[in-house]
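User: I'd like to learn how to read a fold like this one. Can you walk me through it, one feature at a time?

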Amino acid sequence: MKLVNDLENPMINHVVLIGKNANNLNRLTSEYSGKVKEIHFHGNIEDAFSLAIDSQKKIKVFSGSKEDILKYSERIKERKFSICPEYPIKKSEDILFISSLGITADLLYRIESVKKQVLLEVLEYYPRHSPLNIPMEPFHAILTAKIKGVKLNLWGLYAMFPAIHFHLEDDELLEGPGKVKNDLYLALLEWKNRQSKNGNRLNGLQKYFESIPRDNPSCMVCEHFHLCFSWALYKRDCCGLWKALLDRLQEQIGKISHILNAQSA
Ligand code: SF4
């Protein structure tokens, strides 16, 4: 069975489980224990509390309701869930209230659906009020990597290197393994169509990476290339939003390092 082959591949060591059924996710987590590094929960927040407790895994809860976040804020904090807001984000307060509750907000999958001005306002607030104590993703991961000199790139943040990452939906085993149906992920990489006939899972991306110097020459002289690796132009015409965010994050390094030094003094 293909799924078993994929997961037996020692190179694939980062499984992202996606689903809305806590029992299925718990079963798969124990079945593939050691490889499951992230759980993306798309069900009701209340049901997320049935997920097995494990401090080693990142649990992202996708929530369509601000009311639920407020109602369960203490339990969300206790379980250290990250909240990925799915409701409309029109102003910075729609995001910042999550941080003000002491909860990690994760905007990774919303970046391109939120206005640039709103995101820049969030970034203006973030270093002044919760520098690295209450993470706001993906900004926290990027800032931390920059401050600590840790290697990171946007493809990795999205868990999109197919030779390392594997996305598995909780009901997928019944319908044919290895295919992710959730639009959130399909939109990013056309996951279903990415595999070449000869089974080389890297093929599509290799082609894209090879085309960058010819098709995206601006990347070759971009100061964010080491972090972006042309992610922001993959199947897009313009990378202005990501570029503005990365510029702003770069500007904030000095400010945040200063705050962190003051905190540890
Ligand atoms: S920010 Fe834009 S120009 Fe810079 S590396 Fe990314 S895609 Fe290329």
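Analyst: Let's start with what a contact is: two residues are in contact if their C-beta atoms, placed from the backbone, lie within 7 Å. Keep in mind that this is a predicted model. Among contacts in the protein chain between residues at least 6 apart in sequence, 54% join residues at least 24 apart.

User: And what is the chain built from, how many helices and strands?

Analyst: The protein chain has 15 helices and 7 strands. Of its 265 residues, 28% are buried.

User: How do I read the sheet, and in what order do the strands come?

Analyst: Follow the pairing from strand to strand. Here the 7 strands make an open sheet with parallel pairing, in the order β6-β5-β4-β3-β2-β1-β7. β6 (136-137) and β7 each have a single partner strand, so they stand at the edges and one side of each lacks a neighbour in the sheet.

User: Is an edge strand like β7 enclosed or open to the outside?

Analyst: For that, count the buried residues. In β7 (residues 165-169), 4 of the 5 residues are buried, so the strand is largely enclosed by the rest of the structure. Strand β1 (residues 14-19) pairs with β7 in the parallel sense over 5 bridges, and Val15 has Phe166 of β7 as its bridge partner.

User: What about β4, which residues sit on each side of the strand?

Analyst: Look at the two faces separately. In β4 (residues 82-85), Ser82 and Cys84 lie on one side, Ile83 and Pro85 on the other, and all of them are buried, so both faces are covered. Strand β3 (residues 58-63) runs parallel to β4 and is joined to it by 4 bridges, with Lys60 opposite Ser82. Towards strand β5 (residues 104-106), also parallel, β4 has 2 bridges. In β5, Thr104 is the bridge partner of Ser82, and Ala105 is that of Ile83.

User: Now helix packing. At what angle do α7 and α15 pack?

Analyst: Use the angle between the axes: under 35 degrees counts as roughly parallel. Helix α7 (residues 116-129) and α15 pack at about 10°, with axes 10 Å apart, and are therefore roughly parallel to each other. On the α7 side, the contact is made by Lys116, Leu119, Leu120, Leu123 and Pro127, while α15 contributes residues including Leu241, Leu245, Arg248 and Ile256. By class, the residues of this contact are 10 nonpolar, 1 polar and 3 charged.

User: Which residues come nearest to the ligand?

Analyst: Of the 13 residues around the ligand, the nearest are Cys219, Cys222, Cys228, Ala232 and Cys239. The elements giving two or more residues to that shell are α13 (217-220), α14 (225-228) and α15 (240-264). The shell has 8 nonpolar, 4 polar and 1 charged residues.

User: Last one: backbone oddities. Where is the cis peptide bond?

Analyst: Check omega for that. The bond from Glu137 to Pro138 is cis, with omega near 5°, and Pro138 is in the loop between β6 and α8 (139-148). For phi, look for positive values outside glycine. Lys80 has one of about 55°, in the loop between α5 (73-79) and β4. Ser230, in the loop between α14 and α15, has a positive phi near 70°.

User: Are those two buried or exposed?

Analyst: Count C-beta neighbours within 10 Å: 20 or more means buried, 12 or fewer exposed. Lys80 has 12, so it counts as exposed. Ser230 has 23, so it is buried.

Note on methods
Residues numbered from 1 in each chain as written. Predicted model: local features only at pLDDT ≥ 70, side-chain atom pairs only at ≥ 80, totals over all residues. Near = placed C-beta within 6 Å. Nonpolar A, V, L, I, M, F, W, Y, C, P; charged D, E, K, R; others polar. Axes fitted to C-alpha atoms, helices over the stretch in contact; angles between N-to-C directions. Parallel < 35°, antiparallel > 145°, perpendicular 65-115°, else oblique. Pairing = 2+ DSSP bridges.
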